[in-house]
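Me: I have a structure open and want the reasoning behind the labels attached to it. Please set each value against its cut-off.

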Amino acid sequence: MEIRFGDNVKILSSPETEARGLSGKTGQVYGETTPSVTSVEVIGELTDDFALNVSIAELGQTFWFSPRLLEFVDHGAGTEMKIGNHKAVRRADGTWEEFELTPRKSWWKFW
């Protein structure tokens, strides 16, 4: 299964993840990148020029990983994302339910 933004993942055991104390920890995918362009430090050997950013809440940190070091857990149902006047909530099947938020009137605008 392809791991995507918002998915929950488990970090697999490897010499690189063991050395950093990350093996077996779980986190949520916060982004993806092309390391040759962004020059991020990636944990694990890259077979393609692609890495995933995983936030590990228990450590309060994010790390870039080779996708081969990540195991899909679930789609992170209930995850909320707000951008401007829009909100999206992740469903169990991995899709996003989108809403338009009602803009609040500023207290000084009476009409």
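Me: What makes D7 count as buried or exposed?
Reply: This is a predicted model, and the answer comes from computed accessibility. D7 has a relative accessibility of 1%. Buried means under 20%, so D7 counts as buried.

Me: Which side chain does D7 meet in a salt bridge, and why is the pair called that?
Reply: The partner is R90, at 3.0 Å from N to O. A salt bridge needs a side-chain nitrogen of Lys or Arg within 4 Å of a carboxyl oxygen of Asp or Glu, so the pair of R90 and D7 qualifies at 3.0 Å. R90 lies in strand β8 (residues 86–90) and D7 in the segment before β1, so the salt bridge ties together parts that are 83 residues apart in sequence. R90 is buried too, with a relative accessible area of 4%.

Me: How many salt bridges does a search of the whole structure find?
Reply: The search finds 6. Among them is the pair of E41 and R20, at 3.3 Å from N to O. That pair links distant parts of the chain, with E41 in the loop between α2 (35–38) and β3, R20 in the loop between α1 and β2, and the two positions 21 residues apart.

Me: What makes E41 exposed and R20 partly exposed?
Reply: Exposed means over 50%, and E41 has 59% relative accessibility, so E41 counts as exposed. R20 has 40%. Partly exposed covers the range between under 20% and over 50%, so R20 counts as partly exposed.

Me: Why is the pair of R91 and E97 a salt bridge?
Reply: The side chains meet at 3.9 Å, N to O. The cut-off is within 4 Å, so the pair of R91 and E97 counts. R91, at 37% relative accessibility, is partly exposed, and so is E97, at 33%.

Me: Why is the aromatic pair of F5 and W96 called stacked?
Reply: The centres of F5 and W96 are 6.0 Å apart, with 25 degrees between the planes. Ring centres must lie within 6.5 Å to pair, and planes under 30 degrees apart count as stacked, so the pair of F5 and W96 is stacked. The structure holds 2 aromatic pairs, of which this is one. F5 lies in the segment before β1 and W96 in strand β9 (residues 96–100), so the pair ties together parts that are 91 residues apart in sequence. F5 is partly exposed at 37%, and W96 is partly exposed at 23%.

Me: How do you know that β2 and β4 pair, and in what sense?
Reply: Two strands pair if there are at least two bridges between them. Strand β2 (residues 26–33) and strand β4 (residues 51–56) have 5 bridges and run antiparallel, so the condition is met. V29 has V54 as its bridge partner in β4, and Q28 has S55. Q28 is also the bridge partner in β2 of N8. Strand β1 (residues 8–11) is joined to β2 by 3 bridges, again antiparallel.

Me: What makes β3 and β6 edge strands?
Reply: The open sheet has 6 strands in the order β3-β5-β4-β2-β1-β6, with mixed pairing. β3 (42–43) and β6 each have a single partner strand, so one side of each is left without a neighbour in the sheet.

Me: Which residues have the most contacts inside the largest nonpolar core, and which element gives the largest share?
Reply: This core has 13 residues, and L22, V54, F65 and L70 have the most contacts inside it. β4 gives the largest share, 3 residues. Beyond neighbours within four places in sequence, F65 is in contact with residues including I11, T17, L22, V54 and L70.

Me: Is T17 buried or exposed?
Reply: T17 has a relative accessible area of 0%. The limit for buried is under 20%, so T17 is buried. T17 sits in helix α1 (residues 15–19). A polar atom of the T17 side chain lies 2.9 Å from the backbone nitrogen of S14.

Technical notes:
Residues are numbered from 1 along each chain as its sequence is written. This is a predicted model: local features need pLDDT of at least 70, side-chain atom pairs count only at pLDDT 80 or more; totals for chains, interfaces and linings use all residues. Side-chain values use heavy atoms; hydrogens and water are left out. Helices (H or I, at least four residues) and strands (E, at least two) are DSSP runs, numbered from the N terminus. Rings of Phe, Tyr and Trp (its six-membered ring) pair if their centres lie within 6.5 Å; planes under 30 degrees apart count as stacked, over 60 as edge-to-face and the rest as tilted. Buried means under 20% relative accessible area, exposed over 50%, partly exposed in between (1.4 Å probe, protein chains only). A polar contact is a pair of N or O atoms within 3.5 Å; within protein, one must be able to donate a hydrogen and the other to accept it, and residues adjacent in sequence count only if both atoms are side-chain atoms. A nonpolar core is a set of buried Ala, Val, Leu, Ile, Met, Phe, Trp, Tyr and Cys residues joined through side-chain atoms within 4.5 Å. Contact means heavy atoms within 4.5 Å.
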